[in-house]
Amino acid sequence: MSKYEIISTLVSLLAIVVSSVSLVRTRKLAKEQLELERVTAELSRLQIEGIEQEKAEKIKPKFNVTLSKLGKSYYFYITNTGQGTAYDVNFELVDCEDSPLTSDVPEKFPHPEMKPNSRVKLIAAIHMQSPLKYQAKVTWKDSEKENHDETFWLTL
């Protein structure tokens with residue numbers, strides 16, 4: 001074998017080693033890239049779910065019930081604090097033998113529609129022997145006509 005053939009063979013062997021190292025590194029990078037793509041796809045799926053949940057929350061009504069004193073009188077306030085409209089809203093006191101609700105309840109409930117940030121005020125006939133806490137229940141239908149209810153504890 002001549003000098004040129006030996007040099008040519010060594011250069012070829014060196015090229016094979018460099019190619020092998022490059023191939024191994026490329027495979028490692030490809031595996032890492034596939035893993036990153038999987039993680040990115042999972043993050044995108046979670047973001048889409050979060051956005052869908054936010055959209056669903058935006059169209060849901062949310063209620064708050066308070067018992068407040070204004071001047072010398074007490075009032076129940078039923079407020080839709082959510083961003084959705086509620087339909088057929090009803091209000092009742094649960095397990096209350098001496099109900100402070102007055103005759104204006106049948107006139108106002110069931111309330112046909114409560115838009116966001118709207119409220120209904122009911123007179124509460126509170127006297128010295130009235131209980132200090134009440135359990136109130138609000139029932140309503142959402143825009144898809146599904147029934148919902150929520151219970152609140154109110155104190156003087």
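In this predicted model, Thr-79 lies within strand β2, which covers residues 73-80. Its relative accessibility is 18%, and Thr-79 therefore counts as buried, given that the term applies to residues under 20%. Once the neighbours within four places in sequence are set aside, the residues in contact with Thr-79 are Lys-62, Phe-63 and Asn-64, together with Met-114, Ser-118 and Arg-119.

The strand that holds Thr-79 belongs to an open sheet of 3 strands, arranged in the order β1-β2-β5 with antiparallel pairing. At the edges of this sheet stand β1, residues 63-70, and β5, residues 119-124, each of which pairs on one side only. On average, and with direction ignored, neighbouring strands here are turned by 20° against each other. The antiparallel pairing of β1 with β2 runs over 8 bridges, and within β2 it is Tyr-75 that serves as the bridge partner of Ser-68.

A further open sheet is formed by 4 strands, which follow the order β4-β3-β6-β7 and are likewise paired in the antiparallel sense. Because β4 (111-114) and β7 (147-155) each have a single partner strand, these two stand at the edges, and one side of each is left without a neighbour in the sheet. The average turn between neighbouring strands of this sheet, direction ignored, is 35°. Inside the order β4-β3-β6-β7, strand β3 (residues 86-94) and strand β6 (residues 133-141) are joined in antiparallel fashion over 6 bridges, and Glu-92 has Lys-137 in β6 as its bridge partner.

Notes:
Residues numbered from 1 in each chain as written. Predicted model: local features only at pLDDT ≥ 70, side-chain atom pairs only at ≥ 80, totals over all residues. Heavy atoms only, no water. Buried < 20%, exposed > 50% of the residue type's maximum accessible area, 1.4 Å probe, protein only. Contact = heavy atoms within 4.5 Å. Pairing = 2+ DSSP bridges. Axes fitted to C-alpha atoms, helices over the stretch in contact; angles between N-to-C directions.
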